[in-house]
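Work through the exercises below with the sequence and the three-dimensional view open beside you. Try each task on your own before you read its solution.

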Amino acid sequence: MEEAWLIPALPAAAFVILLLFGKYLPRHGDWLAIGAIATSFVLFFFVLADLLDDMVGTEFDKALGQSGIEWVSFGDFELRLGFQVDQLAIVMLAVVTFITLMVLVYSTGYMKGDPRYGWYFAAISLFAAAMLTLVLADNFLLLYAAWEGVGFGSYLLIGFWHEKRSATEAAKKAFITTRIGDVGLLIGIILLWREAGTFDMSEIFEFAESGGYSSEYLTMAVLFLFAGAVGKSAQFPLHVWLPDAMEGPTPVSALIHAATMVVAGVYLVARLMPLFAAADPIALNVVTAIGLTTVMMSATMGLVATDIKRVIAYSTINSLGLMMVALGSLSVSAAMLYLFAHSFFKALLFLSAGSVIHATERQEVSELGGLARRMPVTAAVFAVGALSMAGIVPLAGFWAKDEILNVAGDSQNFVVYGFLMLSVFITALYMTRVVILTFLGEPRDREAHQHAHDAEPVMTLPLLLLAGLTVMAGFVVFDGVGEALGFPGGIGEFVFLEGPEAFHFPWDVAVLSTLSAVAGLAGGFYFWSGAAEPARRAGELFRPAYEILKRKFFMDDIYQWAIDRVVLAAGGVIAWFDRNVVNDTGVDGSARLGVFAGFGMKFLETGKLPNYALAIVTGVIVLAIVFMVVRV
Amino acid sequence: MIPIENFLVLSGILFSIGIYGVLARRNAVLIIMSVELMLQAVSINFIAFAVYLHPEQFTGLIFAIFVITIAAAEVGLALGIILRIFRNKGTANVDEVDMLKW
């Protein structure tokens, strides 16, 4: 596992080379970025083989295969920076390297002719390097640095078309919103370090298990850490940045805002599960509550969004919320299974939506429609992704979602379970809606429809690969499949917290969830097929509810109000204080005081030697007297 | 042996005379002479304490020799400066040499 550091190092090297020499390379060096990530993807298999050799039923937090360097050491404090490969990291490595590779290949078609083509590949390489470092980090400091690195990469790529004002606004919004969570993450890390005296994760876990932290302290710390995950994984109430982040190029949305970066929060919580488990149960309840709120809000907002990418963005938030609910139910394997499956079908959805946008240059579903006839391949793979998202057997989404429903049913109360079932229905409803409005019915924009066609092979090939994986990825739940691939068993026996779990399949959950999903599909066809007359009538009937959803639960308005009234008002007060008190009184005042005092004191400089001599003698005598008085 | 108090009183008297000279005199040459008196008062202290406290060591004596050497060099320098002032201003009265002020 010594070679694990190469996995992030290769994209990082590609970034540096592209940044410096990209202009002089043929094709602006896109092959270099693709080659670097492809090599990382190959290396992943070597690391996986090593890991499978090493692990015999170990828990993931028992650091398997650490390697690293001593960074600084002062006093008895040592800071090691290192990489660690375990089951969690392996799942993420698979997802990140593979999806990045697919997205980069796709981008060679999608971004063709863009004036900043080379910079695009450089920025994605930077992002991939940061993301892979985040995945492999064995201590909180490196993790935090990489965490900010992916945030920065995301900022660069959302604002990639920075000629568009909306893109720069979205980039700023994403960066600042996630930063709010990141402050919590940093505070949490400092809290953990303050008691344990180390940043090393496995040492901190041991410290927590041996009762080093008091229960309240640990609960507070993990809730701060969770704030970071809330920001990064777009959970309520910091979810507002993700729909706006769709201003970036669509492959970027697929990579960063669906498959990799946004699941970093889920990954963080999964990695810290031993701490959550050791803390007060209230911490896990908060995770569940936030996740469930996110699921319900995003699912309902997805019903009324009109931008095809935004609908998928809401479905991403929906999925992230589901993963959080799984983690809140203390099930790392369910969350990681969903993460694994989700990355394939969500990247597929985004990339095929990208093909639609590429072909029609339209994003609003009101201008699309009837595209299935023009782009059959795209329509087919999009439908596969949508069905997977809706949770139709036997696609990946079905197995993953069922696993979550399963653990939620076991460890949560029936309210959570009921809401999750409802969310399955709504998810199916809005996924059907977006499929119907985009690909079925009559074209609403003749001109766009005329020119639409399936994308070139370099873009279609990743779509087909992802579609294949969307069909198959879910089968990793079966113990037989896992054993055939060389794993100890299904994913439950590979990624786990408390003990390996063999695959089991409760029929009641599966039947219930399938019924909800099918009801959603049927409802979607009823509401939106043809002229979508029932949908309009429903919108009229529930106008206030429709308005609330349309306005995104007023979250953006609340934030805007808070920024205008609270932040800017407070900023005004601080600015006044800074201008008048700090600057005019403090800085300028001290300067003026110096000038004034200097003017007054300069008359002491008479230039006459006897005066100086007298001053010296007087001074010495005074000092001597003071010395004697004080001393005796 | 002469008691050490005698030397200390002598050096105290010399030092005070020196201070008086520095403060009261206006002629630069006389001020330098007064400074020399103060230096020699210090030298006397050095020698007296050296002999009384550590007769086997020469530290104090060597200090006195250093003081004498440096005083000689200092006088040479100071007299040179005073000569230049006298050439330029036609006086060696320190009250009248007060150009270096506000």
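**Exercise 1: two loop residues beside each other**

Lys552(A) is found in the loop between helix H24 (543-550) and helix H25 (555-601) of chain A, where helices (H or I, at least four residues) and strands (E, at least two) are DSSP runs numbered from the N terminus. The model is a predicted one, in which local features need pLDDT of at least 70 and side-chain atom pairs count only at pLDDT 80 or more, while totals for chains, interfaces and linings use all residues. Residues are numbered from 1 along each chain as its sequence is written, and chains are lettered from A and ligands numbered from 1 in the order in which they are written.

Task: Is Lys552(A) buried or exposed, and why?

Solution. Begin with the rule: a residue is buried if 20 or more other C-beta atoms lie within 10 Å of its own, exposed if 12 or fewer, and partly exposed in between, with C-beta atoms placed from the backbone. Next, apply the count: Lys552(A) is classed as buried because it has 20 C-beta neighbours inside 10 Å. Finally, look at the backbone, where Lys552(A) shows a positive phi of about 55° although it is not a glycine.

Task: What is phi of Phe553(A) near, and why does Phe553(A) count as it does in terms of burial?

Solution. Phe553(A) also belongs to the loop between H24 and H25 of chain A, and its phi is near 55°, a positive value in a residue other than glycine. Because Phe553(A) has 17 C-beta neighbours inside 10 Å, it counts as partly exposed.

**Exercise 2: cis peptide bonds**

Task: Which loop holds Pro237(A), and which loop holds Pro394(A)?

Solution. Take Pro237(A) to begin with: it sits in the loop between helix H8 (215-232) and helix H9 (241-244) of chain A, and the peptide bond leading to it from Phe236(A) is cis, with omega near 0°. Then turn to Pro394(A), which is placed in the loop between helix H16 (376-390) and helix H17 (396-411) of chain A; the bond from Val393(A) to Pro394(A) is cis, with omega near 5°.

**Exercise 3: how helices cross**

Task: Why is H17(A) described as oblique to H22(A)?

Solution. Start from the geometry: the axes of H17(A) and helix H22 (residues 507-528) of chain A come within 10 Å and cross at roughly 120°, where axes are lines fitted to C-alpha atoms, for helices over the stretch in contact, and angles run from 0 to 180 degrees between N-to-C directions. Angles under 35 degrees count as roughly parallel, over 145 as roughly antiparallel, 65 to 115 as roughly perpendicular and the rest as oblique, so H17(A) is oblique to H22(A). On the H17(A) side the contact involves Lys401(A), Asp402(A), Leu405(A), Asn406(A) and Gly409(A), and on the H22(A) side Val509(A), Ala510(A) and Ser513(A); two residues are in contact if their C-beta atoms, placed from the backbone, lie within 7 Å. By class, the residues of this contact divide into three nonpolar, three polar and two charged, given that Ala, Val, Leu, Ile, Met, Phe, Trp, Tyr, Cys and Pro count as nonpolar, Asp, Glu, Lys and Arg as charged, and the others, Gly among them, as polar.

Task: At roughly what angle do the axes of H13(A) and H24(A) cross?

Solution. The axes of helix H13 (residues 281-304) of chain A and H24(A) come within 8 Å and cross at roughly 105°, which means that H13(A) is roughly perpendicular to H24(A). Thr300(A), Met301(A), Leu303(A) and Val304(A) of H13(A) make the contact with Tyr546(A), Leu549(A) and Lys550(A) of H24(A), and these residues divide into five nonpolar, one polar and one charged.

**Exercise 4: burial and the chain as a whole**

Task: How many residues of helix H11 (residues 264-271) of chain A are buried?

Solution. Eight of the eight residues of H11(A) are buried, so this helix is largely enclosed by the rest of the structure; among them are Tyr267(A) and Arg271(A). For chain A, buried residues make up 51% of the 632 residues, and its secondary structure comes to 26 helices and two strands.

Task: How many residues of chain A are in contact with chain B?

Solution. In chain A, 11 residues are in contact with 10 residues of chain B, and the chain A side of this contact divides into six nonpolar, two polar and three charged residues.
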